[in-house]
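Student: I would like to learn how to read a model like this one. Can we start with the ligand and work outwards?

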Amino acid sequence: MWRLFRTERMWQPRALKDRYDVVIVGGGVHGLATAYYLGQRGVREVAVLEKSYLGAGGSGRNTAIIRSNYRTPEGVAFYDESVKLYEALSARLGFNVLFSQQGHLTLAHTDSAIVGLRVRAEVNQLGGVPSRLVWRDEIAKLVPAMDCSDRPRYPVLAALYHPPGGIIRHDAVVWGYARGADRYGVHIHPFTEVTGIDVADGRVTGVRTTRGDVKTAAVLNATAGFCSTIATMVGLRLPITTHPLQAFVTEPLKAFLDKVIVSSNLHVYVSQTDRGECVIGSEIDPYPSYSHRSTLPFLESTAQHTLELFPCLKHVRVLRQWAGICDMTPDYSPIMGEVPGIRGFYLDVGWGTYGFKAGPVAGRRMAELIATGRTPDLIKPFSITRFSEDRLVGEKAAAAVSH
Ligand SMILES: Cc1cc2nc3c(=O)[nH]c(=O)nc-3n(C[C@H](O)[C@H](O)[C@H](O)COP(=O)(O)OP(=O)(O)OC[C@H]3O[C@@H](n4cnc5c(N)ncnc54)[C@H](O)[C@@H]3O)c2cc1C
């Protein structure tokens, strides 16, 4: 009887060794996915060091929107690979990550917003990503619960409809990658904080942690909102500021919404989970901070904008509210690759408000880079040198409120 109810350990506790081939700092989706794909490539001496529990950062706090309808050809190709990896992830990991590709609508309430969405639709289609402009009649059929009348102050005029977009179970993704990495022999060390990184003659030689020193020739910074603190350990100043991002969920309701709805004009997005809760969010708090505190002004303004779209929710109660921190780059695109001049120091950062969906592709491609020494074409546009070479990958139009 006892055996029936015994739960499987997702990863094993292991002793911290004094040497690893690769040390990954950060036990979120990016760190764990990279560890998993390194394991898949046969790289065995890999450790993931996490200062808290796995998924304590953005990976356990996000609103789990997956999509690839970005604004630049570089972004579309990159996120498209991630959506495809997510589509196969449950089967690959043998663990259900509950990916629901219910479709994603980005609303336009002004003429200029329609122009922006039209450009995105064309870039998406050229990149082979299903995405098209739809008008109010079709939107009303796709989302019958939404107010598509002329009554609101900013009526819905059109939308970018992206059928492959959807939502996923974020902690299942984190645990699934952790379990997969563990099975490849990766050492996962929660509650192990990196406090320093040793560099000699332009090369990484080791890390210092709260549980002892570890020698290694390769360190991956996958710490998202905390990435600047890790970069400082090797004397690197990143073009990144950290901002809080908040969200909340309502009490569970009967199923009434089976699309992800985003309105950049109203600064709000809404989806409904399988459990019936509405997950609601907005853009980053406008000031840099490492604070993880929720605020009342966010709740009030985001609830108000939600009701402009869904007046039917006016008596619904809020169940809980939370915040995470996001590593914002000037162009709303990530930074990936080895840092010139610091051999063995790799960045997988700048994930802002949109990095959960990129976990699989970033993990796979960073693992390829670390294992082979060659930067995959897909991530070349996101190198840190783009800021000094004046070739930004401007994604703000597709990544500010739409996570
Ligand atoms: C409210 C909210 C909603 C969001 N919604 C979406 C969404 O819908 N879709 C989407 O794609 N993205 C979304 N995001 C963004 C997404 O969550 C992040 O971009 C993504 O999770 C980053 O993953 P990561 O693995 O790089 O970092 P994280 O998951 O943040 O993990 C980094 C880890 O590093 C650890 N760490 C930090 N310093 C150290 C140290 N010195 N030593 C050891 N460990 C350390 C931290 O404890 C943390 O666990 C949202 C974020 C928030 C906050």
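Tutor: Yes. Keep in mind that this is a predicted model. Start with the ligand's surroundings: 38 residues surround the ligand, and the closest are Glu50, Gly58, Ser59, Ile65 and Lys357.

Student: Which polar atoms of the protein approach the ligand, including that of Ser59?

Tutor: Look for N or O atoms of the protein within 3.5 Å of those of the ligand. In the side chain of Ser59, an N or O atom is 2.6 Å from an oxygen atom of the ligand. Ile65 uses its backbone: an N or O atom there lies 2.9 Å from a ligand oxygen. Trp351 also uses its backbone, with a polar atom 3.4 Å from an oxygen of the ligand.

Student: How much of the ligand does the protein bury?

Tutor: Compare the ligand alone with the ligand in place. Alone, the ligand exposes 1000 Å², and the protein buries 98% of that.

Student: Trp351 came up. Which aromatic cluster holds Trp351?

Tutor: Trp351 forms one aromatic cluster with Tyr70, Phe78, Tyr79 and Phe382.

Student: How do I describe a single aromatic pair?

Tutor: Two numbers describe a pair of aromatic rings: the distance of the centres and the angle of the planes. A search of the whole structure finds 14 aromatic pairs. Take Tyr36 and Tyr184. Their ring centres are 5.4 Å apart and their planes stand at 55 degrees, so this pair is tilted. The cut-off for edge-to-face is over 60 degrees.

Student: What does the pair of Tyr36 and Tyr184 tie together?

Tutor: Tyr36 sits in helix H2, and Tyr184 sits in the loop between H7 and S8, so the pair ties together parts that are 148 residues apart in sequence.

Student: Are Tyr36 and Tyr184 buried or exposed?

Tutor: Read the relative accessible area; buried means under 20%. Tyr36 has 4%, so Tyr36 is buried. Tyr184 has 27%, so Tyr184 counts as partly exposed.

Student: What kind of pair do Phe256 and Phe310 make?

Tutor: Their centres are 6.1 Å apart and their planes at 90 degrees, so the pair is edge-to-face. This pair also links distant parts of the chain, 54 residues apart. Phe256 is in the loop between strands S13 and S14, and Phe310 is in the loop between helix H9 and strand S17. Their exposure can be read as before. Phe256 counts as partly exposed at 23% relative accessibility. Phe310 counts as buried at 0%.

Student: Now the helices. How do I check the span of helix H7?

Tutor: Compare the end-to-end C-alpha distance with the expected one. H7 covers residues 170-183, 14 in number. It reaches 20 Å, close to the 20 Å expected at 1.5 Å a residue. H2 has twelve residues and reaches 16 Å, close to its expected 16 Å.

Student: Why is H7 described as largely enclosed?

Tutor: Count its buried residues. Twelve of the 14 residues of H7 are buried, so the rest of the structure largely encloses this helix. Among them are His170, Asp171, Arg179 and Asp182.

Student: What do the buried residues of H7 pack against?

Tutor: They pack against helices H2, H3, H4 and H10, and against strand S8. H2 is mostly covered too, with eleven of its twelve residues buried. Val29, Leu32, Tyr36 and Leu38 are among those buried in H2.

Student: What should I look for where H7 and H2 end?

Tutor: Check the backbone phi. Gly185, just after H7, takes a positive phi of about 95 degrees. Gly42, just after H2, takes one of about 90 degrees.

Student: H10 packs against H7. Which polar contacts does Glu368 make?

Tutor: First, the idea. An α-helix has 3.6 residues a turn, so residues three or four places apart point the same way. Glu368 lies in H10, and Thr372 is also placed in H10. The backbone oxygen of Glu368 lies 2.6 Å from a polar side-chain atom of Thr372. A 2.7 Å polar contact joins the side chains of Glu368 and Arg365. Beyond its neighbours within four places in sequence, Glu368 is in contact with Arg41, Gly373, Arg374 and Pro376.

Student: Are Glu368 and Thr372 buried or exposed?

Tutor: Glu368 counts as buried at 19% relative accessibility. Thr372 is partly exposed, at 28%.

Notes: Residues are numbered from 1 along each chain as its sequence is written. This is a predicted model: local features need pLDDT of at least 70, side-chain atom pairs count only at pLDDT 80 or more; totals for chains, interfaces and linings use all residues. Side-chain values use heavy atoms; hydrogens and water are left out. Helices (H or I, at least four residues) and strands (E, at least two) are DSSP runs, numbered from the N terminus. The expected span of a helix is 1.5 Å times one less than its number of residues. Buried means under 20% relative accessible area, exposed over 50%, partly exposed in between (1.4 Å probe, protein chains only). Contact means heavy atoms within 4.5 Å. A residue is near a molecule or strand if one of its heavy atoms lies within 4 Å of it. A polar contact is a pair of N or O atoms within 3.5 Å; within protein, one must be able to donate a hydrogen and the other to accept it, and residues adjacent in sequence count only if both atoms are side-chain atoms. Accessible areas come from the Shrake-Rupley method with a 1.4 Å probe; for residues, only the protein chains shown count as cover. Rings of Phe, Tyr and Trp (its six-membered ring) pair if their centres lie within 6.5 Å; planes under 30 degrees apart count as stacked, over 60 as edge-to-face and the rest as tilted.
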